[in-house]
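Take a look at the model below. The text that follows walks through how its chains meet and then turns to some local details.

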Protein chains: 2
Amino acid sequence: MSQPSIPKGTRDFSPAEMAKRNYIFDTVREVYELYGFRQIETPAMENLSTLTGKYGEEGDKLLFKILNSGDYLKDIAGEELLEKNSNRLAAKLSEKGLRYDLTVPFARYVVMHRNEITFPFRRYQIQPVWRADRPQKGRYREFFQCDADIVGSDSLINEVELIQIADEVFSRLGIRVGIKLNNRKILSGIAEIIGEPDKITDITVAMDKLDKIGTEKVNEELASKGISRKAIDQLQPLILLQGSNEEKLDTLKTTLKDSETGTKGIEELGFILDKLKIAGIRSELELDLTLARGLNYYTGAIIEVKALDVQIGSITGGGRYDNLTGIFGMAGVSGVGISFGADRIFDVLNQLDLYPENSSRNTRVLFVNFGEKEEAYILPVIAGMRRANISTEIYPEPAKMKKQMAYADFNKIPYVAIVGENEMNGNKITLKNMATGEQNLLSFNDCVSTITSMSD
Amino acid sequence: MSQPSIPKGTRDFSPAEMAKRNYIFDTVREVYELYGFRQIETPAMENLSTLTGKYGEEGDKLLFKILNSGDYLKDIAGEELLEKNSNRLAAKLSEKGLRYDLTVPFARYVVMHRNEITFPFRRYQIQPVWRADRPQKGRYREFFQCDADIVGSDSLINEVELIQIADEVFSRLGIRVGIKLNNRKILSGIAEIIGEPDKITDITVAMDKLDKIGTEKVNEELASKGISRKAIDQLQPLILLQGSNEEKLDTLKTTLKDSETGTKGIEELGFILDKLKIAGIRSELELDLTLARGLNYYTGAIIEVKALDVQIGSITGGGRYDNLTGIFGMAGVSGVGISFGADRIFDVLNQLDLYPENSSRNTRVLFVNFGEKEEAYILPVIAGMRRANISTEIYPEPAKMKKQMAYADFNKIPYVAIVGENEMNGNKITLKNMATGEQNLLSFNDCVSTITSMSD
């Protein structure tokens, strides 16, 4: 039989990897809950009618579709089969697909459960999603998203809190980050005043290259995209925008004074920056006009978090979107959300070696097994250890001492307890510290306190 | 647009349901870790070559298959399509399927990672599985399994520990349970001495009806299954088996004395019962010869847990299986495992009303929003609350007081903090206890200690 394998783009997670992943998920979860977000879960499978058409044509192709059960070919006409139109036939072969993100299922959840929830609704969700993307380094076909959203509230306090959450999560993880902010309304304002409403993407892409290629080349690129000389001139203060966030906002106020939408965006950004200053925040905040992620999606604030000490893309992003549930026929529900990229955060923590040394969930003490007599003696001792909330193992066989020690070593168990003839007679335990090699003959209670004091 | 829906047999979990589910999962996880089990996760999708043929013909039909991506029809001959053999064509349309249980993926994991793990390997895994079963009350197409297994050790201490784990989990959950034990070797021994090796299932099924239909009818049923008069006579002491576990073992020893396998099974069961007595266990243990779950699968101990105060099937089960990894070409790895049925435990806790009143993960205090001035004042106060690890929300809009209170009520937030003109001037917070209606004007520190003392 050939070696078994797993589908490309998917992964197994070993105990060591799970400890690291749980450290990230637990941190995000704890902060979400500290801010009053409530967890929901949705099924891995959604009806394809829920998913299709929500992620663009490219996204539709990346949906994993579930083959219908039973005699799924029965009602398909022979000629249709012979056409071999894989795309069209998929709709007949498959009714369900795997979740592509957490946002569309959440919108579907809100619409389906509208009578059971009260707005504003603060929900978080940490679940895997699946995309039939071409697998490559750092891109997987199954990966976790960690989303928090508030729906049914227009208040900018929500944006403020989501940014505080990002700040708190990375502070707890020990990752230095910069948080970039922008506002879709400001970008719309820019397009409005230069009279090029369709060119926002071209403009932000070109402006983003300033540091690399200089003003001259940026202007050339803008011209090459069909933007008029006059518009490019108007854009100059924004291309060269520098200084503190306050200074940038002042420049924007002047430049965009004739755009109502742009002025609204500046006010919103000003409010958010102001309230973050009052609430207190550790990370650096930067108004970045070139930040345009998910442009067709966001309608207000745009948020992106980057690690300062590792070269990697954005590790968290989010923003304000209007009409989340409109796709399912429920209008007027505004939302704002944030999403942590667990896989990239995993890589950052690895690169910076920031994982805590000891996972508190790991076994703390292994009892050596010398045979049936000692086994019978130590079983109640082990039960006592566990009652003291110490994660304890007994080696299941009376194997050679060397093998049992190697097991403790391999599994990074910090203490080994040895109970042989002497210890049984004296009602004691020999406790070996695996890091230092130190051995002590201790009472049960001293054993417990030694192990406990080390774990905390 | 029509109302969105989810696939039949799948579920959304609301925040209230998630709190209950997490309570179960956290309890199981904590006990698994207390016993030194290490978590792994495997991908939702496995290659169909890994899954197919492992669950019998019926199981193969219940696998959810993933439609291949891209132009999946291209290489299928027209005539093959026209045959419309849904079963055979599935193998060409689909290479991947959704995980059906956690055992086969675990076996695949052990074989693939044999060089990275050290035996005995104690792993636990809490993940959803999918089965295209006909949905019905209490049976879902997506549900969670919570498995712990030890592989690479023949020691019966593993069985002892798994039973201790079941005892501990249900003790923590407050569910009174009875734990039934049997051993496949005893059943084989019975079949051996009466010379009917193929009739074990018929025998256990008939014996199981003793309480309902009486000895006479049980014997009639045995005869109707083609079991000889002589064999039925030999079975009488086992059909009428009563008394303590020790008494039952004594009867078995006599009845099965001529079967080597049966005698081995009695020894194993005796060892397990003996060691459990030494280690200490709260639940009632019952040797039950009619327990034969997964007969073709288990080779030694068979374990089943039933709730004593609710009429429901088994809520946990497990046992010893040999050669887990043999299906993937790695021989000689014995294993023993246990699996908690989260959905049934959920129902039992609901029926007995055993969920803890307050989920500690819920928001503890809501700050009322009176408008921009008060908002600016309370933002640092709220940051302080969160630094004190109190889950805190601010109502995002200055809505009517009644609406904000209703929000706290709906979300079961135990305290509401009110900071208006008076409080700002006096540097105080009015804290309202939502259960009692009591209101007190408190300093920040007194606020923190009131809320904290209530949560613990």
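**The interface and its symmetry**

Chain A and chain B bury about 9300 Å² between them, and carbon and sulfur atoms give 59% of that area. Buried area here is the accessible area (1.4 Å probe) that two parts lose on being put together, summed over both. In chain A, the residues that lose the most area to chain B are A:Leu34, A:Arg38 and A:Arg386, together 7% of what that side buries.

This is a predicted model: local features need pLDDT of at least 70, side-chain atom pairs count only at pLDDT 80 or more, and totals for chains, interfaces and linings use all residues. Residues are numbered from 1 along each chain as its sequence is written, chains are lettered from A and ligands numbered from 1 in the order in which they are written, and side-chain values use heavy atoms, with hydrogens and water left out.

Contact means heavy atoms within 4.5 Å. By that rule, 109 residues of chain A touch 109 residues of chain B.

What holds for charged pairs? The count between chain A and chain B is 10 salt bridges, each a side-chain nitrogen of Lys or Arg within 4 Å of a carboxyl oxygen of Asp or Glu. A:Arg38 takes part in one of them, with B:Glu393; the closest N and O atoms are 3.0 Å apart. Helix α15 (residues 372–387) of chain A gives the most to the side of chain A that touches chain B, with seven residues. Helices (H or I, at least four residues) and strands (E, at least two) are DSSP runs, numbered from the N terminus. That side of chain A divides into 53 nonpolar, 29 polar and 27 charged residues. Ala, Val, Leu, Ile, Met, Phe, Trp, Tyr, Cys and Pro count as nonpolar, Asp, Glu, Lys and Arg as charged, and the others, Gly among them, as polar.

How are the chains related? A turn of 180° and a shift of 0.0 Å along the axis lay chain A on chain B with an RMSD of 0.0 Å. The two copies are thus related as by a two-fold rotation axis. The superposition is by least squares on the C-alpha atoms of residues with pLDDT of at least 70 in both. Of the residues of chain A, A:Ile66 comes closest to the rotation axis, at 2.2 Å (C-alpha). The same surface serves both copies: 100% of the contact residues of chain A recur in chain B.

Now the backbone. Most residues other than glycine have a negative phi, and most peptide bonds are trans. A:Phe119 and A:Pro120 are joined by a cis peptide bond, with omega about -5°. A:Pro120 sits in the loop between α6 (103–112) and β5 (121–130) of chain A. In chain B, the bond from B:Phe119 to B:Pro120 is cis, with omega near -5°. B:Lys84 has a positive phi, near 55°. B:Lys84 lies in the loop between α4 (78–83) and α5 (86–93) of chain B.
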